[in-house]
Amino acid sequence: MTVSAGADPAALIAELRLRAESVALAESLTGGALCARLVDVAGASDVVRGAVVAYAADLKHTLLGVDRALLADRGTVDPDVAEAMATGVRERTGATYGVATTGVAGPGPNEGKPAGTVYVAVAGPRGTRSRGLRLDGDRGAVRAGSVQGALDLLADVLEGRHEPA
């Protein structure tokens with residue numbers, strides 16, 4: 001698969017289809033936009049298992065299994081929370097890969113973290129990996145950058161460039 005930064009959803013869907021693998025999404029600040037980008041591709045139903053939009057912290061725990069103590073200690077904007085979300089959606093949907101987004105879209109700070117602080121994560125057969133992003137712009141730009149960052153991380157994992165530990 002040849003997908004670089006700026007990963008194309010159609011290329012990701014095609015690669016997952018070729019591998020007979022699937023993906024599920026756990027979204028917070030992106031509010032379903034990541035899933036929407038993938039399902040805009042014809043044939044996405046072959047590989048997209050579903051999505052959970054868990055905007056509230058308590059839903060991250062009840063729907064995705066994120067540990068309450070982790071949420072209480074670190075808040076929702078944290079790389080370990082992103083990884084737990086990705087793992088939770090993967091386990092609950094039976095997908096090959098779980099992809100998660102969490103962060104602060106803005107316009108102001110949240111949980112003491114500035115707008116544009118984002119974590120994306122991928123959980124797969126070889127473990128989990130997260131990536132921190134620092135995005136500039138208004139709320140829409142941060143959300144769009146978060147979606148692209150999650151797609152880019154998934155592409156990197158599929159290509160083995162950023163293989164989970």
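This text describes two helix contacts and the largest pocket of a predicted model.

The first contact to consider joins helix H1, residues 9-19, to helix H6, residues 139-159. Their axes come within 11 Å and cross at roughly 35°, and the crossing of H1 past H6 is left-handed. On the H1 side, the contact is formed by Pro9, Leu12, Glu15, Leu16 and Arg19, which face Leu151, Leu154, Ala155, Leu158 and Glu159 of H6. Classified by residue type, this contact comprises seven nonpolar and three charged residues, with no polar ones.

A second contact pairs helix H3 (57-64) with helix H5, residues 79-93. Here the packing angle is about 35° and the axes lie 9 Å apart. H3 likewise passes H5 in a left-handed crossing. From H3, the residues Lys60, Leu63 and Leu64 take part, and they meet Val81, Ala84, Met85, Gly88, Val89 and Arg92 of H5. Six of the residues in the contact of H3 with H5 are nonpolar, one is polar and two are charged.

H3 also leads to the largest pocket, since this helix and strand S3 (97-103) each supply at least two residues of its lining. The volume of the largest pocket is about 180 Å³. Its lining consists of 16 residues, and those nearest the pocket centre are Ser28, Tyr55, Gly103, Val104 and Asn110. In terms of class, the lining of the largest pocket holds seven polar, six nonpolar and three charged residues. Helix H3 thus appears both in the contact with H5 and in the lining of the largest pocket.

Technical notes:
Residues numbered from 1 in each chain as written. Predicted model: local features only at pLDDT ≥ 70, side-chain atom pairs only at ≥ 80, totals over all residues. Heavy atoms only, no water. 1 Å grid on protein atoms, 1.4 Å probe; cavity = no way out; pocket = protein on both sides within 12 Å on 5 of 7 lines; lining within 4 Å. Points joined across faces, edges and corners; volume = space filled by probe spheres on them. Helix = DSSP H or I, 4+ residues; strand = E, 2+ residues; numbered from the N terminus. Nonpolar A, V, L, I, M, F, W, Y, C, P; charged D, E, K, R; others polar. Axes fitted to C-alpha atoms, helices over the stretch in contact; angles between N-to-C directions. Left-handed = near helix turned anticlockwise from the far one by under 90°. Contact = heavy atoms within 4.5 Å.
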